[in-house]
Amino acid sequence: MFTLNCDRAYLYAHPERELTEDEQSRYDAALAERSRGVPAQYITGHQEFWRMDLIVTPAVLIPRPETEHVIETVLELQASASGVRRPASAPRTAALRASEDRKPDAGWRILDVGTGSGAIALALAKELPQAEIIAADISPAALEIARANAARHQLESRIQFREADLLAGFDDNSLDFVVSNPPYVGESEEDQVQLEVRKFEPRTAVFAGSTGVEVIARLIPQTHAALRPGGWLVMEISGAIAEEVRKLLRDWKEVEIRPDLQSIPRVVHART
Ligand SMILES: C[S@@+](CC[C@H](N)C(=O)[O-])C[C@H]1O[C@@H](n2cnc3c(N)ncnc32)[C@H](O)[C@@H]1O
């Protein structure tokens, strides 16, 4: 499908189709890359996430299906909270209040920390058309891909992109949600990580110091200072660090860790 730029149905419908010399050499080159371990997504340049086709390059982590649980959790919390609107920080007109009542995500400020390809920010921009979405990453190369993905899905006017170390510059208690799939693998468990991930995905996207909680340990207090009272942190984690993360959230309210489809603790949410 990649070589011929066609869909699966075309392949089934045209079993007689022979490859031209050019196509054959592109196919051989792709196979050679794959056989040295390069993930298929970096060869084709694409990965699907939340029913969107995203561009991926070795500058970004390949979005994983488990991360869709982060989106589900945000949507669930947002829906349950939108009935009880937060007090306005500035006076609102009756017309604005009425329109917010019709569109419950209006006025919500959501920050995606470590946006990578933009997967989480784009999915939330798509699902919450009135919310303000900010996507931050420490990597300028990743932000370039995230911007390209936003343009590809006509969401560029919906997302503000920021180059930042975690939540630097977001300490004014103004956010409703901080959402993140941060690096959370410990360097001490490096040999248990798939070779493809270790060799080809960006190190800063995967590893976070020797135990794996180092980035999260910085992110949690910074998030507390960035959220409005009653705001939410929704974050992807792994089973290996779940109990350590629970300890780091001991002063937070409504802490819950949910499993993924393989019953591995995967998404934590907590409230200020
Ligand atoms: C696990 S990837 C997640 C990418 C994307 N959100 C996803 O779910 O597919 C982690 C991302 O965090 C970024 N990152 C790592 N350390 C960071 C830091 N100190 N501040 C901001 N972003 C950071 C990496 O560049 C990478 O894009």
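Q47 is located in strand β1, which spans residues 46–49. The model described here is predicted. In this model, Q47 has a relative accessible area of 17%. The residue is therefore classed as buried, because the cut-off for that class is under 20%. T211 lies 164 residues from Q47 in sequence. The C-alpha atoms of Q47 and T211 are 29 Å apart in space.

The ligand environment was examined next. A total of 18 residues surround the ligand. Of these, G114, D137, D165, L166 and N181 approach nearest. By class, the surrounding shell comprises 9 nonpolar residues, 7 polar residues and 2 charged residues.

Polar contacts to nitrogen atoms of the ligand involve both backbone and side-chain atoms of the protein. G114 contributes a backbone N or O atom, placed 2.8 Å from a ligand nitrogen. D165 contributes through its side chain: an N or O atom there is 2.8 Å from a nitrogen atom of the ligand. For L166, a polar backbone atom is 2.7 Å from a ligand nitrogen. On its own, the ligand has 590 Å² of accessible area, and the protein covers 95% of this.

Aromatic contacts were then considered. A pair of aromatic rings is described by two quantities, the distance of the centres and the angle of the planes. Across the whole structure, the search returns 1 aromatic pair. Its members are W108 and F177, with ring centres 5.8 Å apart. Their planes meet at 35 degrees, so the pair is tilted. For comparison with the class limits, stacked planes are under 30 degrees apart and edge-to-face planes over 60.

The W108–F177 pair joins distant parts of the chain, with the two positions 69 residues apart in numbering. W108 belongs to the loop between α5 (94–102) and β3 (109–113). F177 belongs to strand β6, residues 175–180. Both members of the pair are buried. W108 has a relative accessibility of 3%. For F177, the relative accessible area is 0%.

Charged groups also sit over aromatic rings. The charged end of R51 is positioned over the ring of W50, at 5.7 Å from the ring centre. R203 lies over the face of F207, where the distance to the ring centre is 4.4 Å.

Key
Residues numbered from 1 in each chain as written. Predicted model: local features only at pLDDT ≥ 70, side-chain atom pairs only at ≥ 80, totals over all residues. Heavy atoms only, no water. Near = heavy atom within 4 Å. Polar contact = N/O pair within 3.5 Å; in protein donor to acceptor, adjacent residues only side chain to side chain. Areas by Shrake-Rupley, 256 points an atom, 1.4 Å probe, with all protein chains shown as cover. Nonpolar A, V, L, I, M, F, W, Y, C, P; charged D, E, K, R; others polar. Phe/Tyr/Trp six-rings, centres within 6.5 Å; stacked < 30°, edge-to-face > 60°. Helix = DSSP H or I, 4+ residues; strand = E, 2+ residues; numbered from the N terminus. Buried < 20%, exposed > 50% of the residue type's maximum accessible area, 1.4 Å probe, protein only. Lys NZ or Arg CZ within 6 Å of the ring centre and 35° of its normal.
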